[in-house]
Amino acid sequence: MTSELPEIGTETELHSRDALAELQLRRLQWTVRHAYDNVPLYRRTFDEHGVHPDDIRELADVQRLPFTTKADLRETYPFGMFAVPMADVRRIHASSGTTGRPTVVGYTAGDLERWSDLVARSLHAAGIRAGMKVHNAYGYGLFTGGLGAHAGIERLGATVIPISGGQTARQVQLITDFEPDAILCTPSYLLTIADALEAAGLDPAATSLKVAVLGAEPWTNEMRREIERRLNIDAVDIYGLSEVMGPGVASESVLTKDGPHIWEDHFLPETIDGDTGATVPDGELGELVFTSLTKEAFPVIRYRTRDLTRLLPGTTYPAVRRIEKITGRNDDMIILRGVNLFPTQIEEIVLGIETLTPHFILELHRAGRMDSLTVRIERHPSLSAEECEGAAAVLRHRVKMHIGTSVEVQVEEPGVLPRSEGKYKRVYDLR
């Protein structure tokens, strides 16, 4: 291994931009050297781009480095991106691999300590405090959500209820019996739990829950308002991805709910033009890119997340930047007859129509040379079957008006569509 990781510093870096930049540069120089010396792919791509660790003299020099993509991680499957001997790896996680080989990530003991600290910091920002009971409904196993959140809850000094995902009836029972103060899960699954509470004759707004920390899938502010209305809680966004660390890369403050603050003492963010790779200024929409600054086992250099967002000034933590709430990804985008469309745009419109529910899926079809999109959506129980066509017409009109393309709408009976038990699949390509 290369020299030791630069000192951790203190949370002064969250409030002083100058102190933060100084720490970031030291850590960036360490990370680039560590990756170059210990990961063959990085040595090869750096050499191909004519860049060397000694060339990193200021933070802007990160733009001289090549990007890392999910394809690179799959090319080196399973352990080719590890920068430490396997004997120093204390845990392995992996993505689901639904679109190919899974991406495999590793953690040293130090990585796990820092991860726990950052999740604890994120949960504190979200309003969770020591002594609270936290219902953790993120999935355990190779997915980073469950175990990552679990360790952070314990590090914060709160009590973790490790229920994991699924078994929704049991989730309802434990929320009723254990009276947790907070819940961690995906936003779509929290709506599933709310439905299950109502089905059990319970009022979702009358539980002990005060705050929900929600992530692992894009969700809109309209979804936040729906969740907060139905459950009478604060709904706060947490951001992360396994390739960069897992949950806790960034988190919203419950005080402002204005987008997750990035913990920039550990991650250096950029936004780029997804087509050209050119860096775009803060405040402009672009693809989010991360360079890790403190990861030992699995450093990542300019990793392209495919998430679309804007970098904005910090508020609760003034030295670090926020990301605008992520509501889409480059690879989630549907191009329908020349119009770019994201599932969250449909969600935003749906949540403005009281007679429809947030339970919907999108089906892509092809008739001849033309693609078509059908929105299959459940009606609200208060809407009669005879009134469904009127609700469908409203949705068709608003999609056409706000997005600029025509869709078909098929209103379904309550309970017909699948329910989320974790990350919810919205789009089904039947072409």
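This is a walk through the chain, stop by stop, with something to select at each one.

**Before you start**

You're looking at a predicted model, so some cut-offs apply: local features need pLDDT of at least 70 and side-chain atom pairs count only at pLDDT 80 or more, while totals for chains, interfaces and linings use all residues. Residue numbers run from 1 along each chain as its sequence is written, and side-chain values use heavy atoms, with hydrogens and water left out.

**The whole chain**

Show everything as a cartoon. The chain has ten helices and 20 strands; these are DSSP runs (helices are H or I with at least four residues, strands are E with at least two), numbered from the N terminus. Along the principal axes, the C-alpha atoms fill a box of roughly 70 × 55 × 35 Å. The radius of gyration is 22 Å, which agrees with the value near 22 Å for a compact globule of 431 residues. That radius is taken over C-alpha atoms, and the globule rule is 2.2 Å times the number of residues to the power 0.38.

Now colour by burial. Of the 431 residues, 55% are buried; buried means under 20% relative accessible area, exposed means over 50%, and partly exposed is in between (1.4 Å probe, protein chains only). The chain exposes about 17,700 Å², with 50% of it supplied by carbon and sulfur atoms; the areas come from the Shrake-Rupley method with a 1.4 Å probe, and for residues only the protein chains shown count as cover.

For the fold's wiring, look at contacts (heavy atoms within 4.5 Å). Among those between residues at least 6 apart in sequence, 64% join residues at least 24 apart.

**Stop 1: the two cores**

Select Tyr-42, Ile-128, Leu-184 and Tyr-239. These touch the most other members of the largest nonpolar core, a set of 71 residues. A core here is a set of buried Ala, Val, Leu, Ile, Met, Phe, Trp, Tyr and Cys residues joined through side-chain atoms within 4.5 Å. Add helix H4 (residues 109-125), which gives the most to this core, with seven residues.

Zoom in on Ile-128. Beyond its neighbours within four places in sequence, its contacts are Leu-123, Val-134, Leu-156, Ala-182, Leu-184, Val-211 and Val-213. Then pick out Ile-346, Leu-362, Ile-403 and Val-409, which are among the 25 residues of a second, separate core. As background, nonpolar side chains tend to be buried together in soluble globular proteins.

**Stop 2: Trp-115**

Stay on H4 and select Trp-115, which lies in that helix. Buried or exposed? Trp-115 counts as buried because its relative accessibility is 2%. Setting aside residues up to four places away in sequence, Trp-115 touches Arg-91, His-93, Tyr-107, Thr-144, Gly-148, Met-245, Gly-246 and Pro-247. Measure across to Met-245: the two are 130 residues apart in sequence, yet 7.2 Å apart C-alpha to C-alpha.

**Stop 3: helix H8 and Pro-358**

Next, select H8 (residues 221-231). Which of its residues are buried? They are Met-223, Arg-224, Glu-226, Ile-227, Glu-228, Arg-230 and Leu-231. This buried set packs against helix H7 (187-199), strand E6 (211-214), strand E7 (234-241), helix H9 (343-350) and strand E17 (356-367). Just after H8 comes Asn-232, with a positive phi near 55°.

Follow the packing into E17, where you'll find Pro-358. Pro-358 is buried, at 9% relative accessible area. Beyond four places in sequence, Pro-358 is in contact with Leu-191, Glu-226, Val-350, Leu-351 and Arg-426.

**Stop 4: backbone oddities**

Switch to sticks for the backbone. The peptide bond from Tyr-77 to Pro-78 is cis, with omega near 0°, and Pro-78 lies in the loop between helix H3 (70-75) and strand E1 (91-94).

Gln-167 isn't a glycine, but has a positive phi of about 50°. Find Gln-167 in the loop between strand E4 (159-161) and helix H6 (168-178); at 52% relative accessibility, Gln-167 counts as exposed. Arg-306 also has a positive phi, near 75°, but Arg-306 lies in strand E12 (residues 303-309). With a relative accessible area of 31%, Arg-306 is partly exposed.

**Last stop: Arg-27**

Finish in helix H1 (residues 17-38), the place of Arg-27. How buried is this arginine? Arg-27 has a relative accessible area of 0%.
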